[in-house]
Amino acid sequence: MSIQEKVEEYKQTLALFPNPQEKYQYLIEQAKKSEDFPTELRIDEFKVNGCQSQVWLVPEEKDNKLYFKSDSDALIAKGLVTLISSIYSDEAPKDIVNSEIDLMEEFELGVILSPARRNGAFSMLKTIKEFSQKLAN
Amino acid sequence: MIKVSDLKKDFPIFDREINGKRLTYLDSGATSQKPNSVINEMTNVYTNMNANVHRGTYVLSSETTAKYEEVRDKLKNFINAYSSDEIIFAKGCTEGFNFLANSICKDLNAGDEIILSEIEHHANIIPWQMAAAKYNLKINYVNVSESFELDFDHLESLLNKNTKVVSIVGESNISGMLPDIKKINSLVKDKTDAVYIVDGAQLVPHRKIDVQDLGIDFLCVSGHKMLGPTGIGVVWGRKELLENLDPVYGGGDMIEEVFYDTATWAPIPHKFEAGTPPYVEAIGLGAAVDYLSNLDMNNVQKHSDDLREYAKNKLGNIDGLNIIHTNSKLAGCTFAMSLDGIHAADVSLMLDTFGVAVRAGHHCVQPFHRKLNLDSTFRATGYIYNDEEDFDILYNALEESIKLLT
């Protein structure tokens, strides 16, 4: 599935929940369902700056594609980073770099996806793009 | 007596709904809401009399200047300063501490000592750290006990002939701690020739302050935490101390005479106020001072004490809730909290869905959070427009949030 298709699918799912509380509950479910994150990867090297909670993002390259493992010590942030990781995993670095989807606008996740440059979600996306840019070069 | 239901009508923000719920604003420790009188006064200046202050020889400028300078008199009365010239406008407490640290420390000798406490806001740590590094000074931190109180024995043991600055919070933005300012002052004055600075960011909005009675040397005040606009605050200092301090910022308005190779300074307060001051914000702060003075700070203080008592008992009933709050008879209505196994950021996001505004993080008091082994807490603070119902709503929303997050 392309990045665009995955975003569309999540967008439709999130639209089923009209209020922020239900959206947060959906993210919490995603966090609880996410694959285990090895504790030894909870290190500064993989830490995403700018989040209210601690967030870790670990990129892996396999057959010219990128895969992301992620974790957070807060549930809602973990749900969000799980969702973002799944959108950009199994994709070619150049496709990630070239993707110009504005998740902030698409997902309407209220305060957790406000388009502030110091916002946690902004930093997660920036980190993913930076990893991809390095590999695309 | 403050009747919150009547008073709330003065604050237009409370007409808003958040996520379909009434706004329960419990983040006044970060910034207070503004009454119509402040908003209208600032609009009035821009609408009817806007002109740069000082030296404008026309009606608008003289009206604005008069209104701006009148705010110094209001603040003088509000904190019972000796003179209006002791009221120095600054952007807020942060700028106030940066000014004091830079100006005071430049005249100290290497090895001189500064005393802060373990529970200071970063605004009262970083400027001193920067100055200490520049002038080779030493910073000592007074212990804060397990019950979140200042350890006076430790303070006494730290005071010595090298101590030149003691700068301690007047009301903690974490634990509500209200250290005995008079007691600190007499210890400092008995044992040292240091200046004693009080961080009044949380103190001045909530309690009646009389700087002459307290005997302190400097006080930093934040305007936006006491119903005023952002970008304006006050450094109060004793006249004789201010007269001996050098300015930190140079520019227009702070000079007497300027030559190509040198300049002389204007008398206080203007020698510390370089450039066009935020005069509209200052006039807004004047309206805020009027509002609080009309309420009477004795009533504001009693309201804070009563609400603190109610909130402390109410929140104490929640299982698993750790409250970083002093047990002292008197404290500010400020409660930093954590829940075992639930992240503060999750709690605050969930509370927001109930219309409850609290803050999550280290509240600019990171070293003390580290001491408590906490990454972050969520914090509820009450002010004049909060009542028991707000803490009932917080209580219920917290119980619901805990269910949703476990």
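A crossing of two helices is called left-handed if the near helix is turned anticlockwise from the far one by less than a right angle. In the predicted model described here, the crossing of helices α3(B) and α11(B) is left-handed in this sense. The two helices, which span residues 59–79 and 279–295 of chain B respectively, have axes that come within 9 Å and cross at roughly 40°, and α3(B) and α11(B) are therefore oblique to each other. On the side of α3(B), the contact is made by T64(B), K67(B), Y68(B), E70(B), V71(B), K74(B), L75(B) and F78(B), while α11(B) contributes Y279(B), A282(B), I283(B), L285(B), G286(B), V289(B), D290(B) and S293(B). By class, the residues of this contact divide into nine nonpolar, three polar and four charged.

Helix α3(B) also lies across three strands of chain B, namely β4, β9 and β10, and runs at about 115° to β4(B). These strands belong to an open sheet of seven strands in chain B, whose order is β4-β10-β9-β8-β7-β5-β6 and whose pairing is mixed. The edges of the sheet are formed by β4 and by β6 (138–142) of chain B, each of which has a single partner strand, so that one side of each is left without a neighbour in the sheet. Direction being ignored, neighbouring strands of the sheet are turned by 20° against each other on average.

Strands of a sheet pair through backbone hydrogen bonds, in either a parallel or an antiparallel manner, and both kinds of pairing are represented here, as the mixed character of the sheet indicates. Strand β4(B), comprising residues 87–90, is joined to β10(B) by four bridges, with the two strands running antiparallel. Strand β9(B), comprising residues 218–222, likewise pairs with β10(B) in the antiparallel sense, over five bridges. Within β10(B), V235(B) is the bridge partner of I88(B), and V235(B) also stands opposite C220(B). By contrast, β5(B), which covers residues 113–117, pairs with β6(B) in the parallel sense over five bridges, and E113(B) stands opposite K138(B) in β6(B).

The surroundings of β10(B) can be described residue by residue. Five of the five residues of this strand, which spans 233–237 of chain B, are buried, so β10(B) is largely enclosed by the rest of the structure. Both faces of the strand are covered, with the buried residues G233(B), V235(B) and G237(B) on one side and the buried residues V234(B) and W236(B) on the other.

In chain A, S70(A) is placed in strand β2(A), which comprises residues 65–72. Because 29 C-beta neighbours lie inside 10 Å of it, S70(A) counts as buried, the cut-off for this class being 20 or more. When residues up to four places away in sequence are not counted, S70(A) touches F37(A), W56(A), L57(A), V81(A), T82(A) and S85(A). The C-alpha atom of S70(A) is separated by 9.3 Å from that of I84(A), and these two residues are 14 residues apart along the chain.

The two chains also meet each other, with 15 residues of chain A in contact with 13 residues of chain B. On the side of chain A that touches chain B, helices α2 (20–33) and α3 (75–88) of chain A each supply at least two residues, and α2(A) gives the most, with four residues. By class, this side of chain A has eight nonpolar, six polar and one charged residues.

How values were computed
Residues are numbered from 1 along each chain as its sequence is written. Chains are lettered from A and ligands numbered from 1 in the order in which they are written. This is a predicted model: local features need pLDDT of at least 70, side-chain atom pairs count only at pLDDT 80 or more; totals for chains, interfaces and linings use all residues. Two residues are in contact if their C-beta atoms, placed from the backbone, lie within 7 Å. Ala, Val, Leu, Ile, Met, Phe, Trp, Tyr, Cys and Pro count as nonpolar, Asp, Glu, Lys and Arg as charged, and the others, Gly among them, as polar. A residue is buried if 20 or more other C-beta atoms lie within 10 Å of its own, exposed if 12 or fewer, and partly exposed in between; C-beta atoms are placed from the backbone. Two strands pair if DSSP finds at least two bridges between them. Axes are lines fitted to C-alpha atoms, for helices over the stretch in contact, and angles run from 0 to 180 degrees between N-to-C directions. Angles under 35 degrees count as roughly parallel, over 145 as roughly antiparallel, 65 to 115 as roughly perpendicular and the rest as oblique.
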